Amino acid sequence: PGWQGILFDNTSDSESVLSYCKIKGAHTALTMVSSSPEISHCIFTENNTAIYIKEFSCPGIYENRIIQNLETGIYSNRSEPVIEKNTITENKNHGIIIASGSPVIQNNNIYKNTGFDLLVESSGSSVLSVQNNWWGTKDVIVLSDRIKGSVSYASIMDGPWPHGKPM
């Protein structure tokens with residue numbers, strides 16, 4: 001990757017929107033620090049990390065394709081992103097890493113990432129609930145090898161979003 005990427009630093013959602021773009025070849029395509037922009041309909045590909053969220057950010061991440069990045073699709077630390085209706089696949093490290101925080105992760109296609117599709121690193125008593133996502137399989141035994149950490153996925157999709165139904 002040849003450039004650093006885009007930075008949202010201490011911005012609010014009303015003034016920050018990133019839509020209908022392709023971000024390719026960056027060290028970290030998009031970094032959010034204490035910011036809550038809306039990110040929609042973008043393609044993030046061939047970056048080291050596609051999206052890095054930190055320091056109490058609350059972005060809305062909707063209907064993006066986060067594919068074939070060299071490391072991680074989305075990394076979130078001490079933040080509460082809403083991650084909905086995205087395709088997160090074929091990333092070389094992990095699809096999503098949650099270091100800490102309380103994200104909403106629902107109605108996504110998250111599958112075929114080299115490491116875990118979802119890795120929750122935070123320790124403690126809280127359980128992250130991720131509902132109605134397509135994980136590339138309906139087999140919960142296979143799925144249990146693709147998700148690591150304190151995670152509840154009681155309701156999964158029977159096929160890819162938007163046509164899959166909760167089961």
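**Exercise 1.** With which side chain does the side chain of Asn113 make a polar contact, and at what distance? The model is a predicted one.

Solution.
- Step 1, location: Asn113 sits in the loop between strand E15 (109–111) and E16.
- Step 2, exposure: the relative accessibility of Asn113 is 3%. Buried means under 20%, so Asn113 counts as buried.
- Step 3, neighbours: leaving aside residues up to four places away in sequence, Asn113 touches Ile88, Thr89, Glu90, Asn91, His94, Gly95 and Arg146.
- Step 4, polar contact: the partner is the side chain of Asn91, at 2.9 Å.

**Exercise 2.** Classify the geometry of the aromatic pair in the structure and locate its two rings.

Solution.
- Step 1, count: one aromatic pair is present. Tyr52 and Tyr75 form this pair, with 5.3 Å centre to centre and 50° between the planes.
- Step 2, class: planes under 30 degrees apart count as stacked and over 60 as edge-to-face, with the rest tilted. The Tyr52 and Tyr75 pair is therefore tilted.
- Step 3, location: Tyr52 belongs to strand E7 (residues 49–54) and Tyr75 to strand E10 (residues 74–77). The two residues are 23 residues apart, and the pair links distant parts of the chain.
- Step 4, exposure: Tyr52 has a relative accessible area of 24% and is partly exposed. Tyr75, at 22%, is also partly exposed.

**Exercise 3.** Determine which backbone atoms lie close to polar atoms of the Gln131 side chain, and say whether Gln131 is buried or exposed.

Solution.
- Step 1, location: Gln131 is part of strand E17.
- Step 2, exposure: with a relative accessible area of 19%, Gln131 is buried, because the cut-off is under 20%.
- Step 3, backbone partners: the backbone oxygen of Ser152 is 3.2 Å from a polar atom of the Gln131 side chain. For the backbone nitrogen of Ser155, the distance to a polar atom of that side chain is 2.8 Å.
- Step 4, other contacts: residues that Gln131 touches include Ile105, Gln106, Asn107, Tyr153 and Ala154.

**Exercise 4.** Identify the members of the largest nonpolar core that touch the most other members, and the elements that give two or more residues to it.

Solution.
- Step 1, members: the core has 32 residues, and Phe44, Ile51, Ile105 and Leu118 touch the most other members.
- Step 2, elements: two or more residues each come from strand E4 (28–33), E7, strand E13 (96–98), strand E16 (118–120) and strand E17 (128–131).
- Step 3, one member in detail: among the residues that Phe44 touches are Ile23, Leu30, Ile39, Ile51, Ile66 and Ile67, and also Asn64, Arg65 and Asn69.

Terms used: Residues numbered from 1 in each chain as written. Predicted model: local features only at pLDDT ≥ 70, side-chain atom pairs only at ≥ 80, totals over all residues. Heavy atoms only, no water. Phe/Tyr/Trp six-rings, centres within 6.5 Å; stacked < 30°, edge-to-face > 60°. Helix = DSSP H or I, 4+ residues; strand = E, 2+ residues; numbered from the N terminus. Buried < 20%, exposed > 50% of the residue type's maximum accessible area, 1.4 Å probe, protein only. Core = buried A, V, L, I, M, F, W, Y, C linked by side-chain atoms within 4.5 Å. Contact = heavy atoms within 4.5 Å. Polar contact = N/O pair within 3.5 Å; in protein donor to acceptor, adjacent residues only side chain to side chain.
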